[in-house]
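Subject: Structure handover

Hello,

Here is the structure you asked about, with my notes below it. Please read the two side by side.

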Amino acid sequence: MKRDLKRIVLGVQYDGLPWYGWQTQPDGRTVQDQLEVALKKFTLTDIATTCAGRTDRGVHAIEQIVHFDTDIERAPFSWVRGVNAFLPSSIAVCWARDVGAVHTMNAEDDADVLHNFHARFSAVARTYVYVLHNSPIRSPLVAGKVGWVFQPLDADAMHEAAQVLVGTHDFSAFRASECQAKSPIKVMHSIDVKRHGEWITVTICANAFLQHMVRNIVASLIFVGTGKHSLEWLRTVLQNGDRSRAAPTLMPDGLYLAKIDYDKKWDLPQVKTYTLPFL
């Protein structure tokens, strides 16, 4: 007799440098491909995964959230240890949670999220961190893990300018031309720019993001930090919605998907704080 499906949620961390982003590709060189291969080796069945946010090539994740459905019975620690045994060193499952049976949708229901946890649609906010190494000389010790700016940056000016982006706005000026999002209007909850010696972190929290939105925002803040442009320039760029007026897209190296927020009812064992080893 076939057992009912239940939904398993994973917290996944990865170094994005070796991979062509999250989403599956024919050559298999993505994080999703590697995770699904590991799941198949562990369970001996094909398992499709869904993530909270599809990261681009070279972008890292401190805690990506992934779910899948299965009728296989395993303890949470078994999912963690079993899947990790088949993953490359640059990817690891940090925790697992069984969030219960998958409920059958009614005909009038528009989304799975109405009844079930969904890694993407149940998310209420997402936080990314971009790490900049602000030094005259690049460091080979963090190559591929941080962005590098050799000109002195005024982090306070960057932080002040960033506040014009907080709120509900049309972020077309910071949207990649190939972005497939239905709407450019997003709710920016907060942007914090802080200096830690030679390091600057830009922490951005919003309900959702457009493709390359974080990298384009940080690049534009760098223009403010070097004195090339002012706070009012950034405000005008946002209001005009013209991508060509904003800064060119910044390298992916320093970008980290840090946190996905969900309703407390799902009781996910997410990390309470996140740290980066070089800060």
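**Pockets**

Strand S3 supplies four residues to the lining of the second largest pocket, the largest share of it. Please keep in mind throughout that this is a predicted model. The second largest pocket holds about 360 Å³ of space. Its lining comes to 23 residues, and those nearest the centre are Gln13, Tyr14, Ala61, Tyr256 and Pro277. The elements giving two or more residues to this lining are strand S1 (6-14), strand S3 (60-70) and strand S4 (91-101). By class, the lining of the second largest pocket has 14 nonpolar, six polar and three charged residues.

The largest pocket has a volume of about 1,200 Å³. It is lined by 39 residues, of which Gly53, Arg54, Arg120, Phe209 and Gln211 are the closest to its centre. Two or more residues each come from strand S2 (50-51), strand S5 (125-134) and helix H4. The largest share is that of H4, with three residues. Sorted by class, the lining of the largest pocket contains 15 nonpolar, 15 polar and nine charged residues.

**The chain as a whole**

The protein chain has five helices and 10 strands. Its radius of gyration is 20 Å, and the globule rule gives 19 Å for 279 residues, so the chain is as compact as a globular protein of that length. Along the principal axes, the C-alpha atoms fill a box of roughly 70 × 45 × 35 Å. Buried residues account for 50% of the 279 residues. Of the contacts with a separation of 6 or more, 70% are between residues 24 or more positions apart.

**Arg215 and Pro252**

Arg215 sits in helix H4, which covers residues 213-225. Is Arg215 buried or exposed? Its relative accessible area is 10%, and the cut-off for buried is under 20%, so Arg215 is buried. The side chain of Arg215 reaches the backbone oxygen of Leu250 at 2.8 Å. Leaving aside neighbours within four places in sequence, Arg215 is in contact with Asp56, Tyr130, Thr249, Leu250, Met251, Pro252 and Leu255.

Pro252, one of those contacts of Arg215, is in the loop between H5 and S10. Pro252 has 18% relative accessibility and therefore counts as buried. Residues up to four places away in sequence aside, Pro252 touches Arg57, Gly58, Val59 and Arg215. Which distance separates Pro252 from Val131 in space? Measured out along the sequence the two are 121 residues apart, while their C-alpha atoms are 10 Å apart.

**His133**

His133 is part of strand S5, an element that also gives residues to the lining of the largest pocket. With a relative accessibility of 4%, His133 is buried. Not counting residues up to four places away in sequence, it touches Ser139, Val146, Gly147, Trp148, Val149, Glu198 and Trp199.

**Gln239**

Where does Gln239 lie? Its place is in helix H5, residues 231-240. Exposed means over 50% relative accessible area, and Gln239 has 61%, so Gln239 is exposed. Gln239 and Pro140 are 99 residues apart in sequence, and 39 Å lie between their C-alpha atoms.

**Two positive phi values**

His212 is not a glycine, yet its phi is positive, at about 65 degrees. This residue is in the loop between strand S9 (199-206) and H4. His212 is buried, with a relative accessible area of 17%.

Asp267 is also a residue other than glycine with a positive phi, in this case near 50 degrees. Asp267 lies in the segment after strand S10 (255-261).

**To look at alongside the model**

For a start in the viewer, I suggest Arg215 and the backbone oxygen of Leu250, which the Arg215 side chain reaches at 2.8 Å. Pro252 can be shown in the same view, as Arg215 is in contact with it. After that, the largest pocket can be found from Gly53, Arg54, Arg120, Phe209 and Gln211, the lining residues closest to its centre. For the second largest pocket, use Gln13, Tyr14, Ala61, Tyr256 and Pro277 in the corresponding way.

Regards

Key. Residues numbered from 1 in each chain as written. Predicted model: local features only at pLDDT ≥ 70, side-chain atom pairs only at ≥ 80, totals over all residues. Heavy atoms only, no water. Buried < 20%, exposed > 50% of the residue type's maximum accessible area, 1.4 Å probe, protein only. Polar contact = N/O pair within 3.5 Å; in protein donor to acceptor, adjacent residues only side chain to side chain. Contact = heavy atoms within 4.5 Å. 1 Å grid on protein atoms, 1.4 Å probe; cavity = no way out; pocket = protein on both sides within 12 Å on 5 of 7 lines; lining within 4 Å. Points joined across faces, edges and corners; volume = space filled by probe spheres on them. Nonpolar A, V, L, I, M, F, W, Y, C, P; charged D, E, K, R; others polar. Rg over C-alpha atoms; globule rule 2.2 N^0.38 Å.
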